Amino acid sequence: TNVNMPGYVDCHCHISARDFDEVGEKISFISVQAGLLAVLAVAEHVGEFDKIIELCQRFPGFIFPALGVHPVQAVSAQQQRGDVFVLQDLAAALPVIENYKDQLVAIGEVGLDFTPRFVSGESDKDVQRKVLVQQAQLAKRLDLPLNVHSRSAGRPTIQLLKEEGVEKALLHAFDGRPSVAMEGVKAGFFFSIPPSIVRSEQKQKLVKQLPLENICLETDSPALGPEKQVRNEPRNIRISAEYVSQVKGVSLQKVMEVTTQNALRLFPKMKPALAR
């Protein structure tokens with residue numbers, strides 16, 4: 001089915017974040033006004049799974065769920081939870097994911113984060129790899145795409161996805177080099193671009209290199225907005241689109257059409273709701 005309505009798909013958003021608690025109802029309205037067709041709500045830990053599903057049920061056909069365990073679990077701003085916790089989180093998350101599997105459009109946010117302050121050595125990296133491998137296998141079994149985080153770990157993430165035979169993956173806010181991203185393009189992966197591209201030379205270079213056929217849009221709200229430290233919102237998706245259109249030298253309309261078709265190729269379970 002072709003999407004009859006023009007509009008954007010926000011492929012990676014933390015709509016369950018506390019930042020949005022009071023504005024839940026409003027976000028939906030504002031977003032529709034801003035030309036958003038759909039928002040993919042991603043999880044970081046099992047504690048938000050129920051809330052995400054609930055939001056998706058409150059806004060059916062507009063907010064869609066992805067459940068997964070993020071490689072870094074923050075307990076508080078000061079303290080990052082260690083590896084053991086990530087494994088415990090995964091163990092707790094798997095039965096819940098199983099339980100909701102028919103409603104999910106993706107498994108995510110999963111991935112690797114080798115930022116020095118989060119990993120103190122190879123054993124930390126190995127635990128993250130284990131957690132990613134288990135979720136990649138789960139996604140393959142459920143025939144769902146992966147929504148992937150990779151920070152300071154672009155090449156290892158793409159390599160691991162390829163080794164695991166993952167065919168459908170979105171690499172969100174990719175921070176690696178364009179040459180590494182092109183290995184992902186060869187593997188058929190998609191890359192989503194947040195509004196922070198306006199202040200990121202690395203993301204601007206990335207978009208120059210990436211074929212439009214492999215680009216999706218995201219906001220990663222409430223993070224990665226056009227201005228540092230200001231709460232990002234799904235309606236800022238247009239800023240990503242405008243920037244991609246500028247860098248690529250194609251019309252905004254074309255960026256909207258191609259990125260939305262890409263999102264639906266990658267997340268086919270969104271299609272029925274959007275072909276209205």
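Trainee: In this predicted model, is strand β2 (residues 36–41) enclosed by the rest of the structure, and how many of its residues are buried?

Mentor: Buried here means under 20% relative accessible area. Strand β2 is largely enclosed by the rest of the structure, because the residues counted as buried number six of the six.

Trainee: Which strands pair with β2, and in what sense, parallel or antiparallel?

Mentor: Strand β1 (residues 8–13) is joined to β2 by four bridges, and these two strands run parallel. Strand β3 (residues 63–67) pairs with β2 over three bridges, again in the parallel sense. The partners of β2 asked for are thus named as β1 and β3, with the sense parallel.

Trainee: Which residue of β2 is the bridge partner of C13, and which residue of β3 stands opposite L40?

Mentor: For C13, the bridge partner in β2 is A41. For L40, the residue standing opposite in β3 is F64.

Trainee: How many residues does the largest nonpolar core have, and which helix gives the most to it?

Mentor: The largest nonpolar core has 70 residues, and L67, I97, I107 and L146 have the most contacts inside it. With eight residues, the helix that gives the most to this core is α4 (residues 122–142).

Trainee: Which residues does I107 touch, leaving aside those up to four places away in sequence?

Mentor: Contact is taken as heavy atoms within 4.5 Å. With residues up to four places away in sequence left out, I107 touches Q135, L138, A139, L142, L144, P145 and N147, along with L67, I97 and L146.

Trainee: How many residues are in the second, separate core?

Mentor: Its members include F190, L266, M270 and L274. The count for this separate core is 19 residues.

Trainee: What lines the second largest pocket, and what is its volume?

Mentor: The lining consists of 14 residues, of which A139, D143, L144, P145 and K168 lie nearest the centre of the pocket. Helix α4 gives the most to this lining, with three residues. By class, the lining holds eight nonpolar, five charged and one polar. The space within the second largest pocket is about 210 Å³.

Trainee: Which elements do the buried residues of helix α6 (residues 178–186) pack against, and which residue just after α6 takes a positive phi?

Mentor: In α6, the residues P178, V180, A181, E183, G184 and V185 are buried. The buried residues of this helix pack against α5 (154–163), β7 (190–193) and α7 (201–209). Just after α6, a positive phi of about 90 degrees is taken by G188.

Conventions:
Residues are numbered from 1 along each chain as its sequence is written. This is a predicted model: local features need pLDDT of at least 70, side-chain atom pairs count only at pLDDT 80 or more; totals for chains, interfaces and linings use all residues. Side-chain values use heavy atoms; hydrogens and water are left out. A nonpolar core is a set of buried Ala, Val, Leu, Ile, Met, Phe, Trp, Tyr and Cys residues joined through side-chain atoms within 4.5 Å. Buried means under 20% relative accessible area, exposed over 50%, partly exposed in between (1.4 Å probe, protein chains only). Two strands pair if DSSP finds at least two bridges between them. On a 1 Å grid over the protein atoms alone, a cavity is a set of points where a 1.4 Å probe fits but cannot get out, and a pocket is an open set with protein on both sides within 12 Å along at least five of seven lines; lining residues have an atom within 4 Å of a point. Grid points are joined across faces, edges and corners, and a volume is the space filled by probe spheres set on the points. Ala, Val, Leu, Ile, Met, Phe, Trp, Tyr, Cys and Pro count as nonpolar, Asp, Glu, Lys and Arg as charged, and the others, Gly among them, as polar.
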